[in-house]
Each structure stands twice: as C-alpha cells, then as structure tokens.
Amino acid sequence: MAEIILNVQVRERTGTGGARDARRSGLVPGILYGGDKDPVAISVKANEFRKALYTGKLLGHLVTLKYGDETQPVIAKAVDMHPVTDEPWHFDLYRVDEHQQIKIEVPVHFQNQEDSVGLKRGGTLNIALHTLTVACAADHIPEEIVFDVAALDIGATIRVADLKLPAGVEAAVDGDTVVASIAGAMAEVGAADGEAAEGAEA
C-alpha cells in the first residue's frame, strides 16, 4: 500500500463558503471523485497535509485515504497553492484500485549534465517535456524518469522512445515526441552564420 495516509473529514458544507470555513478551522479543503461514486467534499488538517505534501510523495502518487475505520487507495491529482502565502489551498483526490491501470504524469530528470559532452562545449539543454504521461498500475507509479545526458553532444535529440521506463510502465505519448535536445551556443551559431555569409560573398 501507499506510504502516505491522509486522515480526512467529510465537509457538510460545499462550495466557496464551505472551503472558507474549513480553512478557518485549520483544514485544507478538497474533493474526492472518480470511480462509480459521487464526488465528496473532504478536508485534511493543514499541518498533516503540509507534512504529506513536502515529502514529495503526495502529488501524482498512490496514497491511502482514511476516514474513520475505512481506508481506500487514491491518487492525489492536483494541489492548488495560495499565490501569496504558498500554503496548500485546495486538493483533488481520485479514487482508484491499487492495481488499476491509469495514465499519469511523471517528472523527467536529466542526470550528469555537468559531464555532458555537448554542454561542456557551451551547448544548452532545451527541455521540451518536464513530465511524461505514462500508463501503469496505480501501485507501480515511478517516482521519476531519469535520462543520462553525459554522452550527448551538440545537436543530439532525446525522444520518448529513448527513455528507459520501468517494467510495466509504458509511455502514453508517441515515441517520436521530443523530450529534450542539446543546442549549440548562440555565439557558435552567430559565428557559423558569419562564416557562411563571407563564403557567399567570396
């Protein structure tokens, strides 16, 4: 089961007024939806929610919702933060079965940038996809997808098909989709353009 447990309360009052009341009581309001059941307005103690959120294993992961003696697996789909205080303001939870096949976004990270051949030559890593939508079982969502750029030179392109995904995890987008590329430095591009212009004049 999931590592994080959210102890929720059911909110009797819904809408903006209900959410405001929850926040005044030290709670973060949210909605539980999905499956064949109606949406339910819920809330979690703000300190408990912050603790779960800052582990980095809440959003986009399988977590356990607990209401009294009842528990069920859910996916934290979205967390809205207050624009000024940066405190959790609202969240959405989605009902799932542990082994249910789902589509979800997973962060993509690029390792060994300091050793990259192209980046050492002054190139720039242009990231087109910071997250990748994958299809997998709800209890096998990868923490991240990592790509090693150490051997890549200027002009290299990383596509979805180049990513190594864990067993049981498949990309839910076309394999030719560009994830990132290493472009030449602007100075090099400018110099090359200048040389080409001189050649044309000659």
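These exercises work through the sheets, helices and salt bridges of the structure above.

The model is predicted: local features need pLDDT of at least 70, side-chain atom pairs count only at pLDDT 80 or more, and totals for chains, interfaces and linings use all residues. Residues are numbered from 1 along each chain as its sequence is written, and side-chain values use heavy atoms, with hydrogens and water left out.

**Exercise 1. The barrel**

Task: Find the order of the six strands that close into a barrel, then place the helices that pack on the strands.

Solution:
- Start with the terms. Helices (H or I, at least four residues) and strands (E, at least two) are DSSP runs, numbered from the N terminus. Two strands pair if DSSP finds at least two bridges between them.
- Read the order. The six strands close up as 1-3-2-6-5-4, with mixed pairing.
- Add the twist. From one strand to the next it averages 45 degrees. Axes here are lines fitted to C-alpha atoms, for helices over the stretch in contact, and angles run from 0 to 180 degrees between N-to-C directions.
- Take one pair. Strand 4 (residues 62–67) and strand 5 (residues 70–81) run antiparallel and are joined by six bridges. In this pair, Val63 faces Val74 of strand 5.
- Place helix 1. It packs on the sheet and touches strand 2 and strand 6 (88–95). Its direction makes about 135 degrees with that of strand 2. Contact means heavy atoms within 4.5 Å.
- Place helix 2 (residues 46–53). It lies across strand 1 (5–10), strand 2, strand 3 (40–45), strand 5 and strand 6. It runs at about 85 degrees to strand 3.

**Exercise 2. Inside helix 1**

Task: State which residues of helix 1 (residues 15–24) are buried, and name a strand that helps cover them.

Solution:
- Set the scale. Buried means under 20% relative accessible area, exposed over 50%, and partly exposed in between (1.4 Å probe, protein chains only).
- List the buried positions. Gly17, Gly18, Ala19 and Ala22 are buried.
- Look for the cover. It includes strand 2 (27–33).
- Check the end of the helix. Just after helix 1, Gly26 has a positive phi of about 80 degrees.

**Exercise 3. The open sheet**

Task: Trace the open sheet of four strands, and pick out its edges.

Solution:
- Read the order. The strands run 10-7-9-12, and the pairing is mixed.
- Name the edges. Strand 10 (145–148) and strand 12 (170–171) each pair on one side only.
- Follow strand 7 (residues 101–111) to strand 10. The two run parallel, with four bridges between them. Val108 is opposite Ile145 of strand 10. Phe110 is opposite Phe147, also in strand 10.
- Follow strand 7 to strand 9 (residues 131–137). This pairing is antiparallel, over seven bridges. Gln101 is opposite Ala137 of strand 9.

**Exercise 4. Three salt bridges**

Task: Locate the three salt bridges, and say how exposed each partner is.

Solution:
- Recall the principle. Side chains of opposite charge can pair when their charged atoms come close. A salt bridge is a side-chain nitrogen of Lys or Arg within 4 Å of a carboxyl oxygen of Asp or Glu.
- Take Arg24 and Asp21. Their closest N and O atoms are 3.7 Å apart. Both residues lie in helix 1, three residues apart, about one turn of the helix. Arg24 is exposed because its relative accessible area is 66%. Asp21 is partly exposed, at 28%.
- Take Arg50 and Glu87. Their closest N and O atoms are 3.0 Å apart. This pair links distant parts of the chain: Arg50 is in helix 2, and Glu87 is in the loop between strand 5 and strand 6, 37 residues apart. Arg50 is partly exposed, at 28%. Glu87 is partly exposed too, at 30%.
- Take Arg121 and Asp153. Their closest N and O atoms are 2.8 Å apart. Arg121 lies in the loop between helix 3 (117–120) and strand 8, and Asp153 in the loop between strand 10 and strand 11 (157–159), so the pair ties together parts that are 32 residues apart in sequence. Arg121 counts as partly exposed at 46%, and Asp153 at 29%.

**Exercise 5. The setting of Asn126**

Task: Describe where Asn126 sits and what it contacts.

Solution:
- Locate it. Asn126 is in strand 8 (residues 124–127).
- Grade it. Asn126 is partly exposed because its relative accessibility is 37%.
- List the contacts. Leaving aside neighbours within four places in sequence, Asn126 touches Val179, Ala180, Ser181 and Ala183.
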